[in-house]
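This note sets out, in numbered points, comments on the structure shown below. It is intended for a colleague who has the coordinates open while reading.

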Amino acid sequence: MIDVTKPEALGLSSLRLGRLHNWLDQQVEGGRLAGASVLVGRRGKVGYVGTAGVSDLDTAEPFREDALVRAYSMTKPIVTAAAMMLYEEGCFQLDDPVSLYLPEFAKTQVWTGGDISNVMPMESLMLVWQIMSHTSGLTYGFMQQNAVDAQYRAVGLDRRGAFANLAEWTKALAGIPLICQPGTQWNYSVSTDVLGRLVEVWSGTTLDQFLEERMFVPLGMVDTGFKVKPGAESRLVSLYEPEVGAGLGGVNQVPLEQRRGLKVLEKPENSTYLAQPKVLSGGGGLVSTLADYSRFCQMMLGGGELDGMRLLAPSTIRHMRTNHLPDGKDMAQMGQPVWSETSYDGIGFGLGFAVVLDPVKAAIITSPGEHHWGGAASTFFWLDPREDLWVVFLTQLLPSSTYPLRRELRIRVYQAIID
């Protein structure tokens with residue numbers, strides 16, 4: 001069980017947190033989610049933990065505090081933090097060309113529109129910080145927007161089992177043109193997967209070994225990894241999608257009020273996360289729990305230290321949560337109007353996560369400097385240094401754009417802060 005401090009001792013209202021718990025129950029009772037959990041921490045201590053619903057609709061097993069979920073893109077901030085640990089050790093510079101460590105990217109071409117054969121050379125080499133901020137020119141195959149992501153699908157980059165390891169997968173990626181010149185656009189992408197390969201090169205070990213030895217063990221993240229650990233299989237929850245409005249394109253086309261029902265996508269006993277993957281995805285491969293991800297958040301919000309274990313310096317954390325988009329732009333000024341794990345207006349991007357620049361423009365109640373990210377199965381976290389607040393939300397509904405859960409959750413959390 002997660003230790004919980006009396007909310008009022010942390011400037012939170014027990015009465016108003018009841019609205020948060022009611023919201024959780026409503027998601028389940030309304031058929032939006034099978035189950036979910038929320039953790040709210042402030043001033044270094046946890047002030048609220050709530051769960052609702054079930055981990056599997058067929059078995060009716062409760063959604064427990066220690067439920068294991070597919071973190072998907074909530075893997076990205078963890079891997080970026082790991083890379084910055086190696087930065088502090090002098091393994092690389094942020095403005096180093098990626099090709100200095102992965103030579104296969106030295107001659108990667110840039111798509112110019114139309115057919116995939118329409119290409120030109122890079123005007124400047126892709127840099128490490130661009131990999132960390134999704135301004136690298138890479139994309140995702142599931143975007144289904146153009147010839148480049150179609151080529152990702154044709155080569156099988158989304159089917160990672162087709163490759164022997166992360167090194168082989170990265171070499172195949174480098175042979176596909178970029179969607180734009182490095183540094184010119186923000187595009188949600190496989191960038192952090194490439195960063196995972198860079199961690200292997202810089203550290204001289206595999207990504208899973210580095211994370212386990214240098215981050216998970218020191219922080220006490222006992223359940224987090226690229227596969228479900230022995231004995232924990234029963235805690236992995238089922239994965240769902242809406243019965244009406246399924247798929248990334250489907251939920252964008254079906255009106256919100258018409259989305260309903262739940263259809264199972266993956267049962268725990270059939271999960272790919274029960275076996276060690278050949279290609280370790282730094283962009284989306286981890287499973288984790290509420291307690292484990294909270295430990296990571298506490299470390300980041302605490303300036304890189306937790307319970308006497310220092311992983312990063314405060315100056316490094318501050319640099320990571322600073323907007324790195326050119327000329328102080330937000331994502332709406334640099335991005336393409338396609339799906340990602342955040343809104344675009346008033347939101348910039350640091351190293352590993354989105355950063356709130358203007359809460360009014362973003363139309364959310366939060367603080368400038370708040371930083372966040374989520375996963376494809378509707379998981380989400382945010383860190384608010386001004387309020388000394390961190391929040392972790394776990395569930396398993398694909399895709400995350402099905403319902404405005406994250407915006408609704410923010411309201412319930414901030415209205416509970418009373419000082």
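The points below take up the salt bridges, the aromatic contacts, the cavities and the largest pocket in turn.

1. Basis of the comments. The structure is a predicted model. Each value quoted here should be read as computed from that prediction.

2. Salt bridges overall. The model holds 21 salt bridges. Side chains of opposite charge can pair when their charged atoms come close. Three of the pairs and one network are discussed in the points that follow.

3. Glu-408 and Arg-32. These two residues form a salt bridge in which the closest N and O atoms are 2.9 Å apart. Glu-408 belongs to helix H13 (residues 405-414), while Arg-32 sits in the loop between helix H1 (14-29) and strand S1 (35-42), so the bridge ties together parts that are 376 residues apart in sequence. Both Glu-408 and Arg-32 are buried.

4. Arg-295 and Asp-307. A further salt bridge joins the side chains of Arg-295 and Asp-307, at 2.9 Å from N to O. Arg-295 is part of helix H9 (residues 290-301) and Asp-307 lies in the loop between strand S9 (305-306) and strand S10 (309-310); the pair therefore ties together parts that are twelve residues apart in sequence. As to accessibility, Arg-295 is partly exposed, with a relative accessible area of 23%, whereas Asp-307 is exposed, at 61%.

5. Arg-310 and Glu-305. The side chains of Arg-310 and Glu-305 meet in a salt bridge of 3.0 Å, N to O. Arg-310 has a relative accessibility of 44% and so counts as partly exposed. Glu-305, at 33% relative accessibility, is likewise classed as partly exposed.

6. A charged network. Arg-42, Arg-43, Glu-387 and Asp-419 are joined into one network by salt bridges that share partners. The reader may wish to display these four side chains together.

7. Tyr-140, Phe-142 and their cluster. The structure holds 16 aromatic pairs. One of them is the stacked pair of Tyr-140 and Phe-142, with 4.6 Å from centre to centre and 25° between the planes. Tyr-140 is buried at 7% relative accessibility, whereas Phe-142 is partly exposed, with a relative accessible area of 31%. Tyr-140 and Phe-142 also belong to one aromatic cluster, together with Trp-186, Tyr-188, Tyr-344, Phe-349 and Trp-373.

8. Trp-382 and Tyr-414. Another stacked aromatic pair is formed by Trp-382 and Tyr-414, at 6.1 Å centre to centre and with 15° between the planes. Because Trp-382 lies in strand S14 (residues 380-384) and Tyr-414 in helix H13, the pair ties together parts that are 32 residues apart in sequence. Trp-382 is buried, with a relative accessible area of 0%, and Tyr-414 also counts as buried, at 11%.

9. Arg-410 over Trp-382. Which ring does the charged end of Arg-410 sit over? The ring is that of Trp-382, and the charged end lies 4.9 Å from its centre. Trp-382 thus takes part in this contact as well as in the stacked pair with Tyr-414.

10. The largest cavity. There are two cavities of 30 Å³ or more. The largest cavity has a volume of about 60 Å³. Its lining comprises 13 residues, among which Ala-34, Gly-35, Tyr-240, Thr-395 and Gln-396 lie nearest the centre. How many of the lining residues are charged? There are no charged residues in this lining, which divides into eight nonpolar and five polar.

11. The second largest cavity. This cavity has a volume of about 50 Å³. Its lining consists of Ser-55, Glu-61, Pro-62, Arg-64, Asp-66, Ala-67, Ser-234, Arg-235 and Val-237. By class, these residues are three nonpolar, two polar and four charged. Four charged residues here stand against none in the lining of the largest cavity.

12. The largest pocket. The largest pocket contains about 1,000 Å³ of space. It is lined by 32 residues, and those closest to its centre are Tyr-72, Asp-158, Arg-160, Tyr-273 and Gly-284. The lining is made up of 16 nonpolar, nine polar and seven charged residues.

Terms used: Residues are numbered from 1 along each chain as its sequence is written. This is a predicted model: local features need pLDDT of at least 70, side-chain atom pairs count only at pLDDT 80 or more; totals for chains, interfaces and linings use all residues. Side-chain values use heavy atoms; hydrogens and water are left out. On a 1 Å grid over the protein atoms alone, a cavity is a set of points where a 1.4 Å probe fits but cannot get out, and a pocket is an open set with protein on both sides within 12 Å along at least five of seven lines; lining residues have an atom within 4 Å of a point. Grid points are joined across faces, edges and corners, and a volume is the space filled by probe spheres set on the points. Ala, Val, Leu, Ile, Met, Phe, Trp, Tyr, Cys and Pro count as nonpolar, Asp, Glu, Lys and Arg as charged, and the others, Gly among them, as polar. Helices (H or I, at least four residues) and strands (E, at least two) are DSSP runs, numbered from the N terminus. Buried means under 20% relative accessible area, exposed over 50%, partly exposed in between (1.4 Å probe, protein chains only). Rings of Phe, Tyr and Trp (its six-membered ring) pair if their centres lie within 6.5 Å; planes under 30 degrees apart count as stacked, over 60 as edge-to-face and the rest as tilted. A charge sits over a ring if NZ of Lys or CZ of Arg is within 6 Å of the ring centre and within 35 degrees of the ring normal.
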